[in-house]
Amino acid sequence: MWILHENKEWGEKDINTLLKSTPISLNERIVSLDIIRGFALFGIFLGNMQLFQTPQLVHDMYMIPQQMGESDKWIRIFLDIFVEFKFFSIFSFLFGLGFYIFMSRAEKKIDQFYTLFLRRLTILAIFGFLHLVFLWYGDVLLNYALAGFFLIFFYKRKTKTIFTWILIFTIALTFLLLSNLFSSAEELTHEIQMLQVDGSGKVELAIEHYHNGSYLDWLTYRFNNEVIPILKDLPFSILTALYMFLLGLYIGKRRIISEFDSHKDLVKRTWWISLLFSIPFSIFILIFHLDILNYGVLNEIAIQVFITLSGLSLSLFYISSLIILLQKDKWIKFFHPLSYVGRMALTNYLIQSIIGVGIFKGLGLFGELNLGLGIVISLIVFPIQILLSYLWLKNYKYGPLEWVWRSATYGKIQPLKYRD
C-alpha cells in the first residue's frame, strides 16, 4: 500500500479517485516543450557517441589519456564547446518543468497527487536501473528519478524561495568546480600517476569483454566496473540534476513559457546573460585544448570545469533561443518534426542506447574512437527516429514505453490507439 502525503492511510474512495485520474490529453500538451525535448535528444545522442565507442568511463576513472587523430581532436573541441553537458542540462531542465506541469494538473484532479508522482518516479527508477544494469552505464533515468524525490519538497515553495535555492546551488557549484583549478600540481600529478597504475590494463580488459565475452560475462564485467562506480557517483549526479530541475520548476511556477508575452523581457535578458557567460567559458575550453594556456596536469581538469560551467550557461542560451524563436509560426513549423521525437522521449532515449551499444559492441567496433563516424551515425539515425515517431504517433497516442509508464502510474491500462 502506498503512503500518502501527511501519512494518511488510503480509503476505498481515495483509491478509486486515483485510479480514475487520467494523464494529460494531447490538446493540453505544449508543443514547444516537445520540440525542445526533441532538440535535447539529438544533442544527447551526439554527445553519447564517444561513450558508445570506447571505455570512456575507464579513461575518466583512472585519468588515462585517450589517443586521438587530428580530425578527432577538432571534433572533440567542437563537441566540448557546443554539445557536451549542454543537452543533458536541457533534458534536466525539462524534467523540472514537466514535474511542475504534472503536479499542478494532478492537483486539480485528485488529493493524492504527491503519491501519484511518487509512483511515477518509482517506475522511472525501475526503467533507469534496468537500463543501467542490462544495457549501458550512461543512464540518466535513475539519476532523474532519485533527484525527483528531492524536488517534491520544493513544489509548494514560493518562487522567491526556489530562486534563492538556485542562487545557493549556483554559487556552491561554481565554487566547487573552480576550486579544482587551485589544486597542488605536484600532489595532483602523484594522484594521477597512482590512478594510472591502478588502471593499468583496464582499458584493454574492457575492450576484451566488449568484444569477446558472452552476454553473461559482459554483464558481470559491467556490474563490477561500470554499474557500481556509477552508483557510487549518484550523490553528486543527483545534485547537478536537481539544480536544473529547480530551474525548470521555477520557470514553470512563473509561467514564463505558457505566458511568454508577460515575461519576454526576462527571457531576452536570460538570452543575453547566458550568451555573455558562455563566450568566455567556451574560449577557455578552446585555449586549454590547444595548449595556448598550459598548466600541465591541470589542463584536463580545467577543460572539464569549463565544460560543466558552459553546460549550465549555454543550455540556458539554447533554451531561451528556442523559446523566443517558437513564438513565431514559421519557426514552430520548421522545428515541428522534433516534437514527434520529444513526445516519445523515453522510448527514443532508450532506443538510442540500444542502437549505440548494438552498433559498437554488436559489430565489434568498440574500442576504436572515430568521432566523425559517430556524428555520421547520429545524422542518419536521428532523422529515422523522427520518421518512425511520426508514423507511430499517427496511430497511437503515446510511445510504447510512455504508454507503459502512464499505465503503471495511473494503475490501469491507458487507451493507446486513437478511436476509429
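What should the 21 residues of helix α12 (residues 234-254) span at 1.5 Å a residue, and how far apart are its end C-alpha atoms? The expected span is 30 Å and the end C-alpha atoms are 30 Å apart, which agrees; the expectation is 1.5 Å times one less than the number of residues. Please keep in mind that this is a predicted model, where local features need pLDDT of at least 70 and side-chain atom pairs count only at pLDDT 80 or more, while totals for chains, interfaces and linings use all residues. Residues are numbered from 1 along each chain as its sequence is written, and side-chain values use heavy atoms, with hydrogens and water left out. Helices here are DSSP runs (H or I, at least four residues), numbered from the N terminus.

**Helix α12 and its partner α8**

- Of the 21 residues of α12, 16 are buried, so this helix is largely enclosed by the rest of the structure; buried means under 20% relative accessible area, exposed over 50% and partly exposed in between, with a 1.4 Å probe and protein chains only.
- Helix α8 (residues 159-179) packs with α12 at an angle of about 145°, and their axes are 10 Å apart (axes are lines fitted to C-alpha atoms, for helices over the stretch in contact, and angles run from 0 to 180 degrees between N-to-C directions).
- Residues of α8 including Phe 163, Trp 165 and Phe 169 take part in the meeting with α12, whose contributors include Leu 239, Tyr 243 and Arg 254; contact means heavy atoms within 4.5 Å.
- By class, this contact of α8 with α12 has 14 nonpolar, three polar and two charged residues (Ala, Val, Leu, Ile, Met, Phe, Trp, Tyr, Cys and Pro count as nonpolar, Asp, Glu, Lys and Arg as charged, and the others, Gly among them, as polar).

**Helices α17 and α18**

- The axes of α17 (residues 345-360) and α18 (residues 371-395) come within 11 Å and cross at roughly 140°.
- These two helices are therefore oblique to each other; angles under 35 degrees count as roughly parallel, over 145 as roughly antiparallel, 65 to 115 as roughly perpendicular and the rest as oblique.
- Eight nonpolar, four polar and no charged residues make up the contact of α17 with α18.

**Residues to look at**

- Arg 255 follows α12 and has a positive phi, near 55°; at 37% relative accessibility, Arg 255 counts as partly exposed.
- Phe 85, in the loop between α4 (70-82) and α5 (86-109), has a positive phi near 75°.
- His 59 lies in helix α3 (residues 56-61) and counts as buried at 9% relative accessibility.
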